[in-house]
Amino acid sequence: GFEYIEDAEVGRLLPSGGPEGGGTVVQVTGSNFAMSDAGVYCRFGGKVVAGLLGSSTSVECVAPEHDVGLVAVEVSNHGLEGFSRSSGRFLYSAEAMIFSVEPRQGGVEGGYSVTVRGANLGGTVSCRFGEHAVVAGFTNRSTVVCVAPVHELVGEVNLSVVKDGNPEGQGMGVFRYVTSATMVSIEPSFGSTEGGTQVTVRGEGFEGGSVECVFGGVGRTEGVVLSSSAVSCVIPPANA
């Protein structure tokens, strides 16, 4: 027999954007989606990809690679022909790149600012630390500042940025969560106002990486980690 299948109607895309390299899984909602012998397809601009029919109102497609810009997305119930007259809009953007993360590590308690520098960061709405996403407090094309979230475990997590309506992270950096440092004692506990005295700070949680010693409102100096329980610092001048 012969079966008539209504033309698909496209309503909404989720997400509505992704990187130019493709790979974004897009949920297309609408009506009259149906499976025929020819299959269901999505067309992003002029590029066609096979779709996965979820229901009469939902089709899933993976966005193909495409030049930066806004494209129409249509659905066909009839294979490579008969695409919908209605369409959604999908924004392809330059893929984010992360060059540096500062600081590169911090305590598991979170709550401190982390600055991400890179390229194509405009449109960023959040940073993803492992599985935890936090809203960006500041963003432009080359810099994003986010407040690190609490993390349950010590160790490294992937750090990416979420942009342009795409929930998948772009770019890739690494952030290391460490045990929060606790100071117990400092030896010696006095020194010249001219500075230069070497002191040993004892406590716990002094992990590898960069360490600073902060001397009240006087100043700060770079420290040297001797062990997980000791750090060596040189005190700054009192008038620094």
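**Close-ups of backbone oddities in a predicted model**

**View 1. N120 sits in the loop between strand 12 (113–119) and strand 13 (124–129).** Like everything shown here, this loop comes from a predicted model. The thing to look at is the backbone: phi of N120 is near 60°, a positive value in a residue that isn't glycine. Is N120 buried or exposed? Its relative accessibility is 17%, and the cut-off for buried is under 20%, so N120 counts as buried.

**View 2. N32 is found in the loop between strand 3 (25–31) and strand 4 (41–44).** Here's another non-glycine residue with a positive phi, this one near 65°. Why does N32 count as partly exposed? Because its relative accessibility comes out at 27%, and partly exposed covers the range between under 20% and over 50%.

**View 3. A cis peptide bond links L14 to P15.** Zoom in on the bond itself and you'll find omega near -5°. As for where this happens, P15 belongs to the loop that joins strand 1 (9–14) and strand 2 (17–19). L14, on the other side of the bond, is where strand 1 (9–14) ends.

**View 4. The peptide bond from E187 to P188 is cis too.** What is omega near for this bond? The value is near -10°. P188 lies in the loop running between strand 18 (182–187) and strand 19 (198–204), and E187 is the residue at which strand 18 (182–187) finishes.

Key: Residues are numbered from 1 along each chain as its sequence is written. This is a predicted model: local features need pLDDT of at least 70, side-chain atom pairs count only at pLDDT 80 or more; totals for chains, interfaces and linings use all residues. Side-chain values use heavy atoms; hydrogens and water are left out. Helices (H or I, at least four residues) and strands (E, at least two) are DSSP runs, numbered from the N terminus. Buried means under 20% relative accessible area, exposed over 50%, partly exposed in between (1.4 Å probe, protein chains only).
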